[in-house]
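I opened this notebook to keep a record of what I looked up, entry by entry, in the structure shown here.

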Amino acid sequence: MKIAVLGAGAWGTALAISFARKHDVTLWGRNAEQMAQLAADRMNRHYLDNCPFPDNLKLSDDLAATLQGAELILVVTASAGLRPTLQQIIAVTPQPVPVIWACKGFEAQTALLPHKVVEAVLPAGTPAGVLSGPSFAREVAQGLPAAVSLASSDGAFAHDIAAKLHHSRLRIYSSDDIIGVEVGGAVKNVMAIAAGIADGMKLGHNARAALITRGLAEMTRLGLKLGGRQETFMGLAGMGDLILTCTGDLSRNRRVGMLLAEGKQLPQILADLGHVAEGVASAREVQRLARENQVEMPLTDAVCRALFDNVPVTDVLDSLLERQPKAEFRQ
């Protein structure tokens, strides 16, 4: 299968390396100078140093040439880049081509899930789906085993593409719960910031376990309200990704939380990070959706206070712990 991977960041590069194992893959980036450097180095030193490209992986800064004859397009940008990238695709491709995206978040200002953005931009009937799950880019690029979900409202399409992309080092499970998979990917990034704050404050393993569990409860409440299914939040795109990003040192969102706990200000944190932390942009949208749908999400509210209201993390913690006791499960 001829695959165009659009986005030469860490995750786009990792997926291009992984799928080049069994497909004809071209990695596209809009920055010509960056792509020339990647071609010269045969690796992406900025994001994935010491992860060499396979010999058959092609590189390009020419979008039209990259999409020529493509049988599948993977859009691997941050959520903010999804809509403009889709608009570029339809400007240069006369015929609909199946599209998969790998961003994890809500669109800023609109609070739209990615599949709603896709429906608004691509021609009706374009086969489309989302790839999400517990997967640090560096480990996937190194060929370490991982498993993710590929979800589409068209279950047959999800099954077909998952089977084609699946290989021994990247197991891909299909799903028709696109809402559940997308909500899991977006909310877990917010919870990772909370976990980073807790770890940065050295609150211990008990606190981390409690936070992950209650974070899963928040994710599930919102996801069910938006139309996702319960079992999806117990799977790879829900619990799996939540555990990884709340415990793994490679998590950028968890890193944001740890730096907040050190007393650093958000603008400086983002400037120093050098990568996109989707949880920062998604936190406001998750909070907005929760309020609109009357879903209680105290951890999300706490993260927003720490991120955007300059409330000290010690005060945020106190307000969480002083809440009234209640039943763990609601009828």
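The entries below take up cores, a ring, a loop, a helix and cysteines in turn.

**Nonpolar cores.** I began by noting that the model is a predicted one, and then went to the largest nonpolar core, which has 45 residues and in which Val-187, Val-256, Leu-260 and Leu-307 touch the most other members. I then asked which helices supply at least two residues each to this core, and I found H9 (178-200), H10 (205-226), H12 (236-247), H13 (252-261), H14 (266-273), H15 (278-292), H16 (298-308) and H17 (313-321). The largest share, 10 residues, comes from H9. I followed Val-256 further and, setting aside neighbours within four places in sequence, listed its contacts as Leu-266, Ile-269, Leu-273, Ala-277, Val-280 and Leu-307. I also recorded a second, separate core of 38 residues, which includes Leu-131, Ala-141, Leu-150 and Leu-165.

**Rings.** My search of the whole structure for aromatic pairs returned 0. I did find that Arg-284 lies over the face of Phe-308, at 3.8 Å from the ring centre.

**Ser-135.** I located Ser-135 in the loop that joins strand S6 (128-132) to helix H7 (137-141), and I asked whether Ser-135 counts as buried or exposed. Its relative accessibility is 12%, so I entered Ser-135 as buried. A polar atom of the Ser-135 side chain lies 3.0 Å from the backbone oxygen of Gly-133. Beyond neighbours within four places in sequence, I listed Trp-11, Lys-104, Val-140, Val-148, Asp-241 and Leu-244 as the residues in contact with Ser-135.

**Both ends of H2.** For helix H2 (residues 32-41), I noted that Asn-31 caps the N-terminal end, with a side-chain oxygen 3.0 Å from the backbone nitrogen of Glu-33. Following H2 I found Arg-42, whose phi is positive, near 55°.

**Cysteines.** I searched the whole structure for disulfides and found 0. Cys-246 is in no disulfide, and the nearest cysteine sulfur, that of Cys-304, is 15 Å away. Why is the sulfur of Cys-304 not bonded to the closest cysteine sulfur, in Cys-246? I wrote that the 15 Å between these sulfurs is too far for a bond, because a disulfide requires a pair of cysteine sulfur atoms within 2.5 Å. I then checked accessibility, and entered Cys-246 as buried with a relative accessible area of 0%, and Cys-304 as buried with a relative accessible area of 3%.

Notes:
Residues are numbered from 1 along each chain as its sequence is written. This is a predicted model: local features need pLDDT of at least 70, side-chain atom pairs count only at pLDDT 80 or more; totals for chains, interfaces and linings use all residues. Side-chain values use heavy atoms; hydrogens and water are left out. A nonpolar core is a set of buried Ala, Val, Leu, Ile, Met, Phe, Trp, Tyr and Cys residues joined through side-chain atoms within 4.5 Å. Buried means under 20% relative accessible area, exposed over 50%, partly exposed in between (1.4 Å probe, protein chains only). Helices (H or I, at least four residues) and strands (E, at least two) are DSSP runs, numbered from the N terminus. Contact means heavy atoms within 4.5 Å. Rings of Phe, Tyr and Trp (its six-membered ring) pair if their centres lie within 6.5 Å; planes under 30 degrees apart count as stacked, over 60 as edge-to-face and the rest as tilted. A charge sits over a ring if NZ of Lys or CZ of Arg is within 6 Å of the ring centre and within 35 degrees of the ring normal. A polar contact is a pair of N or O atoms within 3.5 Å; within protein, one must be able to donate a hydrogen and the other to accept it, and residues adjacent in sequence count only if both atoms are side-chain atoms.
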